[in-house]
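User: Please give me a close look at one part of this model, starting from a single residue and working outwards to what surrounds it. I would like one connected account that I can follow with the structure open beside me.

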Amino acid sequence: MVGQGTFLGRLGSAHPILLAPMAAAGGVGLAAGAMAGGAVGALPCAMLTPGALRSQFDELRARATGPVNLNFFCHRLGPAPDDSAWRALLAPFFAEYHVDAPATAPPLRAPFDAEMAAVVEDLRPEIISFHFGLPDKPLLDRARATGAMILASATSVAEARWLAAHGVDAVIAQGWEAGGHAGRFLGGSADAQMGLMALIPQIVDVVDVPVIAAGGIADGRGIAAALMLGASAVQIGTAYLHCPESLIHEPHRAALASDAADRTVFTNLFSGGLARGIPNRLMATLGPIRAEAPPFPHAASALARLRTADPAGFGPLWSGQASRLSRPIPAKALTEHLAAEALALLGGTGKGWPT
């Protein structure tokens, strides 16, 4: 186990709290607010062009000081599959809204590639993180050569061992409770994924790098529990979705505060990959898992116009299981509150984080 104080020095932030990178929800404003409160900021990059990433990074540097995490996906983006069965399943919705699936697929979540490697070589962020494993060694070597700390997500002990063996600087232990896409990359189903409180100590016991806990943490109690179990830091996403700086639409914001937020489930309907979210019309009608949905990330293509017509009914309402522990306050205030609450529980008030 790496002490919180030791790892905090490596992170370079005031608190061992990392803002989770959340595509379409997190951006410059949310990252700047979290950083102002003492957390590590994050920019989700899988849906950005290289130019957009450069622009957002420069804006964030102008608005906030502190460490920045650039997050990338590492899936394999093969040729577009035959999605005729998926389109047929969606046909009644197309007819109802008088739309059709796009003739040309809209931009998809893209994996880390040579072009993005060149961008991080120029930008030189303090942290680079990966979801769905790691990029091929030449690309990983380029990212590591920037001097950035390399993080990656593990949903199991086996994945944590694999990441540590491949040289990451810290493992993000992603529990079953986490909202959005599960980062599993060595196979397995959602039903087999561990809850965070069981996952943290088992990963801590088998790797020699710091462990960052993610999933279902939304208040100081969760932070304190994760650190007591051996985590060196936490990564928090859903709690920050409530902040006014998050980019989610109003129906999503309302769902996060509703009774429906207690019933989050894994679904493959929105992207083809398993991700946790609040049930909506599409999930209620088709069921959360359908074999007809094309593999990640291609399922999103046919849904594009339905999402535009009815974002709440046909767009993802990503959320972890602890949404209702959160309040709609600015990201800076939320970060400061989370840190103060956790420090009080850990006995570190006035003395800093335990080492």
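Analyst: Arg124 is partly exposed, with a relative accessible area of 45%, a class lying between buried (under 20%) and exposed (over 50%), for a 1.4 Å probe and protein chains only. This is a predicted model, in which local features need pLDDT of at least 70 and side-chain atom pairs count only at pLDDT 80 or more, while totals for chains, interfaces and linings use all residues. Residues are numbered from 1 along each chain as its sequence is written, and side-chain values use heavy atoms, with hydrogens and water left out.

Although Arg124 is not a glycine, its phi is positive, at about 50°. The residue sits in the loop between helix H5 (114–123) and strand S4; helices (H or I, at least four residues) and strands (E, at least two) are DSSP runs numbered from the N terminus.

Strand S4 (residues 127–131) is joined to strand S5 by four bridges, and the two strands run parallel; two strands count as paired if DSSP finds at least two bridges between them. One register point to look for is Ile128, whose bridge partner in S5 is Ile150. S5 also pairs with strand S6 (residues 170–174), again in the parallel sense and over four bridges, and here the bridge partner of Leu151 in S6 is Ala170.

S5 itself deserves a careful look, because six of the six residues of this strand (residues 149–154) are buried, so it is largely enclosed by the rest of the structure. Met149, Leu151 and Ser153 point one way from S5, whereas Ile150, Ala152 and Ala154 point the other way, and all are buried. Helix H7 (residues 157–165) lies across S5 and S6, running at about 160° to S5, where axes are lines fitted to C-alpha atoms (for helices over the stretch in contact) and angles run from 0 to 180 degrees between N-to-C directions.

Stepping back, these strands belong to an open sheet of eight, in the order S1-S9-S8-S6-S5-S4-S3-S2, with parallel pairing. Its edge strands are S1 (17–19) and S2 (41–44), each of which pairs on one side only, and the twist averages 25° from one strand to the next.

Towards these edges, helix H2 (residues 28–36) lies across S1, S2 and strand S3 (68–73), running at about 165° to S2. In the loop between S1 and H2 is Ala24, another residue other than glycine with a positive phi, in this case near 70°; Ala24 is exposed, with a relative accessible area of 56%. The axes of H2 and helix H15 come within 7 Å and cross at roughly 40°. There Leu30, Gly33, Ala34 and Ala36 of H2 meet Ala331, Lys332, Thr335 and Glu336 of H15, contact being heavy atoms within 4.5 Å.

For buried loop positions to set beside Arg124 and Ala24, turn to the loop between strand S10 (265–267) and strand S11 (275–277), which contains Asn268. At 9% relative accessibility, Asn268 counts as buried. Not counting residues up to four places away in sequence, it touches Gly273, Leu274, Pro288, Ile289, Arg290, Ala293 and Ala299. Of these, Arg290 is 22 residues from Asn268 in sequence and 7.0 Å away in space, C-alpha to C-alpha.

Ser271 lies in the loop between S10 and S11 as well, and it is buried, with a relative accessible area of 0%. Leaving aside neighbours within four places in sequence, Ser271 is in contact with Arg109, His181, Pro294, Pro295, Phe296, Pro297, His298, Ala299 and Ala300. The C-alpha atoms of Ser271 and Pro297 are separated by 4.8 Å, with their positions 26 residues apart along the chain. Pro297 lies in the loop between helix H12 and helix H13, and a cis peptide bond, with omega about 0°, joins Phe296 to Pro297.

Ala299 and Ala300, both touched by Ser271, are among the buried residues of H13 (residues 299–309), together with Ser301, Ala302, Leu303 and Leu306. The buried residues of H13 pack against helix H4 (84–97), H12 (281–286) and helix H14 (311–314).
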